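Me: I'd like a close look at the salt bridges in this one. Start with a single pair, then work outwards to whatever strands and helices seem worth a visit.

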Amino acid sequence: MRQLYIGGSWAASASGEAIDVVNPATEEIIDRVPAGAPADVQAAVAAARRAFPGWSAMPPAERGKLLAAAAELLKQRADEVARTIATDMGSPLGFALKVQTLMPAGVLASYAQLADSHPLETRVGNSLVVKEPVGVVAAITPWNYPLHQIVAKVAPALAAGCTVVLKPSEVAPLAAYALAEIFHEVGLPAGVFNLVSGRGPVVGEAMAGHPDVDLVSFTGSTVAGRRVAALASDGVKRVALELGGKSANVILPDADLGAAVKVGVANCFINAGQTCSALTRMIVHRDRYDEAVRLAVEATAKYTVGDPFDETTRVGPLVSAAQRDRVVRYINRGQEEGARLVAGGTDRPLPRGYYVEPTVFAGVEPGMVIEQEEIFGPVLSIIPYTTEDQAVEIANGTPYGLAGAVWAATEERAVAVARRLRTGQVAVNGGNFNPMAPFGGYKRSGVGRELGEYGLEEFFEIKALQL
């Protein structure tokens with residue numbers, strides 16, 4: 001069994017209990033990690049608190065050098081880390097390499113640069129406004145992007161001069177261990193980064209409520225995010241929450257329908273639909289609705305389900321039996337509500353593994369459960385509209401506001417509609433994801449932003465010196 005990483009060394013958990021790590025493609029146990037205890041959190045937070053004065057006082061350029069060394073070592077080990085993620089999370093290997101590993105390495109490198117280049121002082125009249133690290137950060141991360149979500153929190157926190165206690169998801173924790181080993185090898189000072197594996201109700205709650213934690217950065221479900229915020233509120237500590245999504249792909253009548261549907265289907269099914277920003281609602285004008293459904297069904301047929309290590313696989317397994325069962329329940333609910341199943345369904349496509357077929361529903365109306373709630377699986381709902389105002393109303397008509405897309409014949413028209421969407425990111429005519437742009441949501445999709453300079457700003461306190 002693996003150990004915890006606290007105060008610069010590996011140590012056994014006080015609990016003595018283990019959590020099985022399961023390969024979702026084979027349903028086999030591949031590793032075990034400690035089921036951390038509150039005492040482990042106490043030790044990790046104490047180590048982070050001891051390390052904070054020295055780390056925060058270190059020149060930003062020196063912190064940046066250590067982060068740059070870690071980014072370079074991660075790139076060197078990218079193939080190995082990608083195989084780890086493909087094994088314990090189920091992402092197809094090519095996606096695990098390009099998106100799940102190399103993109104986080106790039107994000108880590110970007111914070112190595114920002115550590116030294118980001119301005120920390122501003123003059124406002126007779127005041128000198130300075131930015132200082134917030135202190136000890138508790139980072140609680142999910143299983144769907146098990147390295148990217150860690151780097152999106154840990155890298156800016158360290159760049160800002162904060163120290164960190166990380167709780168990765170116990171469902172897919174092995175990438176976190178790979179990063180801890182890298183930080184150890186590049187010589188990150190003891191206590192600056194700590195890893196406590198375990199379950200959310202035990203380790204996560206102990207971290208969120210700990211009086212010596214200054215900021216909690218959490219990514220996960222909206223329900224869990226509310227709990228984290230409630231626990232943090234007792235200590236009036238800051239929280240950054242990246243939560244659920246039910247993102248809309250708005251296709252205007254004059255758009256390139258073929259491109260809009262193809263890209264929309266790809267975005268919905270990426271990572272087996274286990275992406276908080278996935279475009280799970282395709283909103284299409286009634287005049288082009290039947291054609292859009294036909295194109296979506298044709299595109300879906302090309303999404304081969306299979307072993308993450310098979311080069312022909314485009315959709316791997318869901319991460320766990322519980323997740324597969326959740327998605328199947330939503331597919332059944334969609335049919336009960338009267339939506340029309342035009343692709344996929346609840347049949348198991350393979351005899352072993354937590355697989356679900358890529359699924360498309362037509363005849364979906366606003367207000368249906370499958371149109372309102374985050375399914376977190378490869379399930380697409382196609383919704384008709386009549387007017388542009390109605391399309392915007394449908395797009396904005398869920399409790400979420402994390403991402404979205406708009407397609408139109410001209411960028412000007414698409415941007416005009418994109419500005420009306422109450423959501424943190426909007427892709428215009430297929431605009432690519434930018435890891436330097438702010439990522440985060442409106443409404444129940446969260447509080448705060450990650451990535452780039454906006455993500456770095458989350459980890460500073462602001463002080464005004466009146467001169």
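Reply: Let's start with Glu170, which at 21% relative accessibility counts as partly exposed; the scale calls a residue buried under 20% relative accessible area, exposed over 50% and partly exposed in between, using a 1.4 Å probe and protein chains only. Its salt-bridge partner is Lys167, with the closest N and O atoms 3.3 Å apart. Lys167 is buried, at a relative accessible area of just 3%. Salt bridges that share partners also join Asp254, Glu388, Asp389, Arg413 and Arg420 into one network.

A word on what you're looking at: this is a predicted model, so local features need pLDDT of at least 70 and side-chain atom pairs count only at pLDDT 80 or more, while totals for chains, interfaces and linings use all residues. Residues are numbered from 1 along each chain as its sequence is written, and side-chain values use heavy atoms, leaving out hydrogens and water.

Back to the charges. A salt bridge here is a side-chain nitrogen of Lys or Arg within 4 Å of a carboxyl oxygen of Asp or Glu, and the count by that rule is 21. Another of them pairs Asp20 with Arg32, at 2.9 Å between the closest N and O atoms. Asp20 sits in strand β3 (residues 18-23) and Arg32 in strand β4 (residues 28-34), so this pair ties together parts twelve residues apart in sequence; strands (E, at least two residues) and helices (H or I, at least four) are DSSP runs, numbered from the N terminus. Both ends are partly exposed: Asp20 has a relative accessible area of 36%, and Arg32 has 40%.

Strand β4 also takes part in a salt bridge with a much longer reach. Glu28 pairs with Arg352, the closest N and O atoms being 3.9 Å apart. Glu28 is in β4 and Arg352 in the loop between β14 (340-343) and β15 (359-362), so to speak 324 residues away along the chain. Glu28 is partly exposed at 44%, as is Arg352 at 47%.

That loop leads us to a sheet. β14 and β15 start off an open, seven-strand sheet with mixed pairing, in the order β14-β15-β16-β13-β12-β17-β18; two strands pair if DSSP finds at least two bridges between them. β14 and β18 (427-428) are at the edges with a single partner strand each, so one side of each has no neighbour in the sheet. Further in, β13 (residues 281-285) and β16 (residues 379-385) pair in the parallel sense over five bridges, and His285 has Tyr385 in β16 as its bridge partner. Helix α13 (residues 388-395) packs on this sheet, touching β12 (248-251), β13 and β16, and its direction makes about 150 degrees with that of β16. Contact means heavy atoms within 4.5 Å, and angles run from 0 to 180 degrees between the N-to-C directions of axes fitted to C-alpha atoms, for helices over the stretch in contact.

Last stop, strand β6 (residues 127-133): five of its seven residues are buried. Four bridges join β6 to β5 (residues 121-124), and the two run antiparallel, with Thr122 opposite Val129. They form a hairpin with two residues between them, and Gly125 in the turn has a positive phi of about 60 degrees. β6 also runs antiparallel to β20 (residues 460-466), joined by seven bridges; there Glu132 has Glu461 as its bridge partner.
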